[in-house]
Amino acid sequence: MPPPFPPLFAADAGALAVLQLVASLCFGGAAFVLARTIRNTLHSDDPEQDDEWRYDISRIAGLRRVSLFYRVFQPVIQGLAAVNRRAFRERLPELDREIQVSGLPRFWTAAEYLGRIQLIGLLAFPLLAWMCVRGMGPAGIVFALVASGVLMWFLRRRLSHRAETRLMLIKRRMPFLLDLLTLLMEAGSTFQRALSEAVTEFREHPVGMEFGRVLAEMNMGKSRSAALESMRTRLRDDEVTSIIGSIIQGENLGTPLARVFRTQADVLRIKRTQRAETVAGEAGVKMLLPAILVMAATVLIILGPFVLSFIHAPFF
């Protein structure tokens, strides 16, 4: 009598052993997540303050508030971050810049965010292994490892793309914000009041958020130059660095800020025009290969029947 429920795949001993291992890992991971979730729910939001600096304590508390993923997997992420600080020491500054530019919560450090990406890949591995082993047998484990690595690379690349896109949006809208600052200051407003009005006007845009941080730092007691210098350090872009450097230099030399803002807005527009001309000039070169492929396909479609008829035509 056949079994009431047919097996999902052939009963191969190696595949069954691998699936049992994957199932055990999944069960252990589920038990760990459940226990960790219960512990974090009952635990205070403020970690112990024995051996850590006060700033790091407040940063971790803030990160626990804004990220559920960090709250659940905090020990694992911190362990991976400790490894990343040694293994990827040269790459962490660039990752930290991308975190700042992309607009993620400022509580993330580069090592911890990289640990988050790695943990997502590790958590996805059991599911990928189950799918691959089910379809390919024990050899699917290798494919699952590759797929987990590709997932980590994709998440890392997604952060870089998000940072590039947001930085481009900031540079595109910055001339308009500088124009508004110029008009308000020429009308008799102070810099701080004009900046507050400009931030309110552009509050939904990344450029308004960045200058909003400048305004917040000034309201907390930072000098104007220090707040702008902090923005330059966060973004670390050549154009933004040049603009903010000119503003700081103009302030130190006593040049009216309205004139400096107008000049820098014109410079940004010129650079944007030059960038558009460069992209337009490169478009012809980039379209060359697709045009050749389209022409080759057209020739094959037109001449293909004639060539085939010539090949298969009887000569005798």
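These are notes on the packing and surface of a predicted model.

1. The largest nonpolar core has 35 residues. Those touching the most other members are Met 174, Leu 178, Leu 181, Leu 195, Phe 211 and Phe 261. Two or more residues come from each of α7 (140-186), α8 (191-201), α9 (206-219), α10 (224-235), α11 and α12 (257-286). The most, 8 residues, are given by α7.

2. Leu 178 shows how part of this core is packed. Not counting neighbours within four places in sequence, Leu 178 is in contact with Ile 243, Phe 261, Gln 264, Ala 265 and Leu 268. Apart from this core lies another, of 22 residues, which includes Phe 73, Ala 110, Tyr 113 and Leu 159.

3. Is Glu 239 buried or exposed? Glu 239 counts as buried because its relative accessibility is 16%, and buried means under 20%. Glu 239 sits in helix α11, residues 238-253. Setting aside residues up to four places away in sequence, Glu 239 touches Lys 171, Leu 268, Lys 271 and Arg 275. Leu 268 is also among the contacts of Leu 178.

4. In soluble globular proteins, nonpolar side chains tend to be buried together. A nonpolar patch on the surface therefore deserves a separate entry. Here, Val 299, Ile 301, Ile 302, Leu 303, Phe 306, Val 307, Leu 308, Phe 310 and Ile 311 make a nonpolar surface patch of about 950 Å².

5. Leu 303, one of the residues in that patch, lies in helix α13, residues 288-312. Leu 303 has a relative accessible area of 46%, so this residue is partly exposed.

Terms used:
Residues numbered from 1 in each chain as written. Predicted model: local features only at pLDDT ≥ 70, side-chain atom pairs only at ≥ 80, totals over all residues. Heavy atoms only, no water. Helix = DSSP H or I, 4+ residues; strand = E, 2+ residues; numbered from the N terminus. Buried < 20%, exposed > 50% of the residue type's maximum accessible area, 1.4 Å probe, protein only. Contact = heavy atoms within 4.5 Å. Patch = residues over 30% accessible without salt bridge, like charges linked within 9 Å, V, L, I, M, F, W, Y side chains within 5 Å. Areas by Shrake-Rupley, 256 points an atom, 1.4 Å probe, with all protein chains shown as cover. Salt bridge = Lys/Arg side-chain N within 4 Å of Asp/Glu carboxyl O. Core = buried A, V, L, I, M, F, W, Y, C linked by side-chain atoms within 4.5 Å.
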